[in-house]
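Subject: Structure for your review: aromatic rings and their partners

Dear colleague,

Please find below the structure that I am handing over to you. I would be grateful if you could look through it before reading the notes that come after it.

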Amino acid sequence: MTARTAPPAPTGRALTPSRTAATAARVLRRLHHDPRTIALLLIVPVAMITLLRYVFDGAPGTFDATGASLLGIFPLITMFLVTSIATLRERTSGTLERLLALPLGKGDLIAGYALAFGAVAVVQSALATAVSVWLLGLDVIGSPWLLLLVALLDALLGTALGLFVSAFAASEFQAVQFMPAVIFPQLLLCGLFIPRDRMHPALETISNALPMSYAVDGMNEVLHHSDPTGAFLRDIAVVAGTALLVLCLGAITLRRRTP
């Protein structure tokens, strides 16, 4: 009698909706029990935009010119910070190693994190947009729904960048240190402080390759045009495409745990 051979164990390499959804649900449960992170994600962007509104209380036109841009920048920064630290914490604690020992591929894990933080990004972006437009009086010519769309894509981009850079950090402190390297140059070159076409040509060329530049441009298109323009569609396509590309890179570079 020949011995029966057991079927090979599933490798979990394929992207499976049920595994992705289970991962997202687990991340959301952890966030639910972390009020400080929820405050950082939902309250801080609104508080910063409100503070900016009253900083320019005597010059409301200045708030209209910068408020839309910051409505996209603040969600990107907060999602980057929270996502990078949360992912690193799970890797250093050994949680990722235990999860990846199951039939759960890296794609499932990254997609689950993106889905969970994307759900939070929807709430964050909707809250910040509603407060800016209807409570703080942000004057935009275009639809507030387009502002919400750009803010949501920016938050998803921040999530993707946070997942990606967490693979290269060995501690939470190092994850925070990536902010000056990844976020600050984009903040300086995105056109928030001066139009990009008035920068030094070398800096303008660099800014053309940075996704935050297109996030700010997309917000400004909504600020000045009643209907979506070709430039607006280009801007949101670049932001969304960059987020998807970075998520794929995050799946490739994801490590089970920190050595």
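The notes below concern aromatic rings and the charged groups placed over them.

Please bear in mind that this is a predicted model. A pair of aromatic rings is described by the distance of the centres and the angle of the planes. Two such aromatic pairs are present in the structure.

One pair is formed by Tyr 113 and Phe 117, whose ring centres lie 6.3 Å apart. Their planes meet at 20 degrees, and because stacked rings are those with planes under 30 degrees apart, this pair is stacked. Both residues belong to helix α5, which covers residues 106–135. They are four residues apart there, so about one helical turn separates them. Tyr 113 has a relative accessible area of 2% and is therefore buried; Phe 117, at 1%, is buried as well.

The other pair consists of Phe 164 and Phe 168, with ring centres 5.2 Å apart. Here the planes stand at 70 degrees, so the arrangement is edge-to-face. Phe 164 is partly exposed at 22% relative accessibility, and Phe 168 is likewise partly exposed, with a relative accessible area of 47%.

Two arginine residues also deserve mention. The charged end of Arg 53 is placed over the ring of Tyr 54, at 5.3 Å from the ring centre. In the case of Arg 196, the charged end sits over the ring of Tyr 214, and the distance to the ring centre is 5.9 Å.

With kind regards

Technical notes
Residues numbered from 1 in each chain as written. Predicted model: local features only at pLDDT ≥ 70, side-chain atom pairs only at ≥ 80, totals over all residues. Heavy atoms only, no water. Phe/Tyr/Trp six-rings, centres within 6.5 Å; stacked < 30°, edge-to-face > 60°. Helix = DSSP H or I, 4+ residues; strand = E, 2+ residues; numbered from the N terminus. Buried < 20%, exposed > 50% of the residue type's maximum accessible area, 1.4 Å probe, protein only. Lys NZ or Arg CZ within 6 Å of the ring centre and 35° of its normal.
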